Every structure is written in structure tokens, then in C-alpha cells.
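Visitor: I'm new to this one, so could you choose a single part and take me through it closely? I'd like to see how that part fits in with what surrounds it.

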Amino acid sequence: MKNRPMLEVQDLCVQFRIGLDAFSSRILKAVDGVSFSIDRGESVGLVGESGCGKTTLGRSILGLIEPSSGRVLFDGADVSVMRGKSLKRYRNSAQMILQDSFDSLNPRLTVGSVIREALSLYSPAPAATQAQKVRQLMESVGLDPRYAGRYPHEFSGGQRQRIGIARALAVNPALIIADEPVSALDVSVQVQILNLLLDLQDSMNLSYLFIAHDLAVVRYVCDRILVMYLGRVVEESPADDLFTRPSHPYTRALLSAVPDVEKGLLERKTGSSRTILKGDAPSAMQETAGCPFRPRCPSAAAVCSTVPPRTEVTPGHFSSCHFAAAGN
């Protein structure tokens, strides 16, 4: 019998009521019926265009945004009903690394105090013990502990992101939700941070939900990838399979947009072109009958006016497209 996943997200929905004026409002469906799981020690990528609901989903999993319906289970326990000590234990087990390493750090606190603050809130201990823990955490992320008395503005972007990682690790979490953790960094620094996250995963048996728009990044880090469009997961696949055999037309369009020098030279020689989607993604407040991708899909047909089933294309590879089984 397979062990229960560490994290289970079951038909999660997050809706916001948006006031148009003093007398009317509309519902924005930021997350619309998302289900997936993460095993202990696994890395799962979550990709999609800006505004598709990735960050809202991540924050909802942590309990920072209350879901409208559905459940988040951590080790079988429902996060939505946690209170007091049980909620504090969950906060210890699940942490977040934010995109903006500067805004996420208090500019009035030294980096040692930033890390120590997390220790004081969740793992109270004598001052000497906390100081030793701060030194260990800074070393574990590649920072010199002698810099603990410096302020965030005295560090580079990559160093600040290491500080954010150290703060997340301070309470010994099992799950880390990394929300675009390298998108604001230079390419060379991105690789350093990604390698650090992989090393930490191996040494601490961490699980990651890695939110990104860069497919090359999630391929480097993740075992499995979820593709999100307008609040819904439209494709789920092992990482290598997604890149070699994408099934959903939206996934193929995303992969087509990944910069590739060799692919670009081939396109110039053969006259072929990349998949370019029509128009912008519709508003999440706009109801779309059937497949949400239908207005922009180059393969749309009459059948797409009905909701597509979730089809298992190959073992572990699922796609919500009417033509998924045919590989169209």
C-alpha cells in the first residue's frame, strides 16, 4: 500500500468578490478546482502565465488566503480547521520563499535578527543557542556568519535570497513553497541558488512546490510539473515527459516560447515558426463555456465548447484536453 502523500490539495477553489461600483460586484475565480499532491522529498513545479493563480494557490496552501472551497491536507490533517498549537505546528512544517528578496526582509533589522526572529516565534531557546543556530543557518546557505550584523541593503540580490532561504529553514520545515525565487536574479546567480536548493533538499529531505514562469528552471529542479491556466491545472506530468511529449496545446505554446538559439536558427532555415497564441488570456471574472483555453487555442473545435475530461495520456501524465489521447 502506497504511503499517504505529505501534501494533498483537493478540489481547491479561491474566489474574490470584486466591486464594480457601489451597487454591483462580480466573482473572480483565482483558483478553480485544483487537485494535486506532493510526496515527502519531492519537487513539484507550478508554471503558467502571470495572473493564472499560481501565487494565490501557494498562499492558500499555507493558510495565508482562505479557500472558498476544497481542502488542503498535510499529513492527512485538514489545514482549514487547524487552530492554536496544531496551526503553529503546521507553520513550522510549511514555509515560503518569496520572489522579492528585498521587500521580504525588514530593512530595520540586521540579517541575524531576521533569522533569529523566526527562531523566537516558532522555536524559543536561550539567546546563546539561537545565536549558534543563526551561525549554522547562514553557513548552510553559503553566507559568512560574520555578516550577521549587517543590514539587508548591504547584500546583493542573490545574498538576500540566501538570507530568505535561511529564514525559511530556521524552523526545520518539511515543505517549502518557493514563489519565483530566482526570477529577479542574474542567470549565473540563478544557477547558484537552484543548486543550493537542490543540495538542501538532499540533506534535509525537503519537499518543494516551485512556482515559476521559466520552464527551464522548473525542469532543472522539479520531478513533476503542473501547468496552470486561468486558475485550473490543464496538464500534469513527470518533468522529462512534459518536455518531450507535451499534450495540451497551452503547454506546447509555453514550450515554443522558451528561448533556444539552435531552434531559432532552424526556424530561420526552414521557415517554420513558433506557436503564437491569439490575444491575451481572458479575465478570471469572465465565464468561458467549456475549455477555458478555447478562445486562444489553435486547435479549437466544436467539441471544445464542453468541458474536457482529465485524460491520462501516459502513466502519470494527465491532460485536460479533448484531443489529448490523440496527441493532437
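Guide: Happy to! One term comes first: a residue is buried when its relative accessible area is under 20%, exposed when that area is over 50%, and partly exposed in between, using a 1.4 Å probe and protein chains only. You are looking at a predicted model, in which local features need pLDDT of at least 70 and side-chain atom pairs count only at pLDDT 80 or more, while totals for chains, interfaces and linings use all residues. Residue numbers start from 1 along each chain as its sequence is written, and side-chain values rest on heavy atoms, with hydrogens and water left out.

For orientation, the protein has ten helices and twelve strands. Both kinds of element are DSSP runs numbered from the N terminus: helices are H or I with at least four residues, strands are E with at least two. Of the 328 residues, 45% are buried.

The part I'd like to show you is the surroundings of E236. This residue lies in strand 10 (residues 232–238), whereas R224 lies in strand 9 (residues 224–229). E236 and R224 are both buried. For E236 the reason is a relative accessibility of 9%, so E236 counts as buried.

These two residues also form a salt bridge, with their closest N and O atoms 2.7 Å apart. The pair therefore ties together parts that are twelve residues apart in sequence. A salt bridge here is a side-chain nitrogen of Lys or Arg within 4 Å of a carboxyl oxygen of Asp or Glu. As background, side chains of opposite charge can pair when their charged atoms come close.

E236 has another such partner: R310 forms a salt bridge with E236, and here the closest N and O atoms are 2.6 Å apart. This pair links distant parts of the chain, since R310 sits in strand 11 (residues 310–314) and E236 in strand 10, 74 residues apart. Through shared partners, salt bridges join E42, R224, E236 and R310 into one network. The structure holds nine salt bridges.

Now follow the backbone of strand 10. Strand 10 pairs with strand 12 (residues 317–320) in the antiparallel sense, over two bridges. Two strands count as paired if DSSP finds at least two bridges between them. The bridge partner of E236 in strand 12 is F318. Strand 12 also pairs with strand 11, again antiparallel, over four bridges, and there T314 has H317 of strand 12 as its bridge partner. Strands 11 and 12 form a hairpin with two residues between them, in which G316 takes a positive phi near 80°.

For a contrast, turn to another salt bridge, the one between E8 and R4, whose closest N and O atoms are 2.9 Å apart. Here the partners differ in burial: E8 counts as buried at 14% relative accessibility, while R4 is exposed with a relative accessible area of 54%.

E8 leads us to another sheet. Four strands form an open sheet in the order 2-1-4-5, with antiparallel pairing. Strand 2 (25–38) and strand 5 (77–78) stand at its edges with a single partner strand each, so one side of each has no neighbour in the sheet. Strand 1 (residues 7–19) and strand 2 run antiparallel and are joined by eleven bridges; the partner of E8 in strand 2 is S37. Helix 1 (residues 54–61) packs on this sheet, touching strand 1, strand 2 and strand 4 (69–74), and its direction makes about 115° with that of strand 1. Such angles run from 0 to 180 degrees between N-to-C directions, with axes fitted to C-alpha atoms, for helices over the stretch in contact.

One last stop is helix 6 (residues 187–204). Its buried residues are Q190, I193, L194, L196, L197, L200 and Q201. They cover an arc of only 155° around the axis, which puts them on the same side of the helix; that arc is taken from the directions from the helix axis to the C-beta atoms. On the other side, S188, D199, D202 and S203 are exposed. The cover over the buried residues includes strand 3 (43–47), helix 5 (157–169) and helix 7 (215–221), where contact means heavy atoms within 4.5 Å. After helix 6 comes N205, with a positive phi near 55°.

Key. The expected span of a helix is 1.5 Å times one less than its number of residues.
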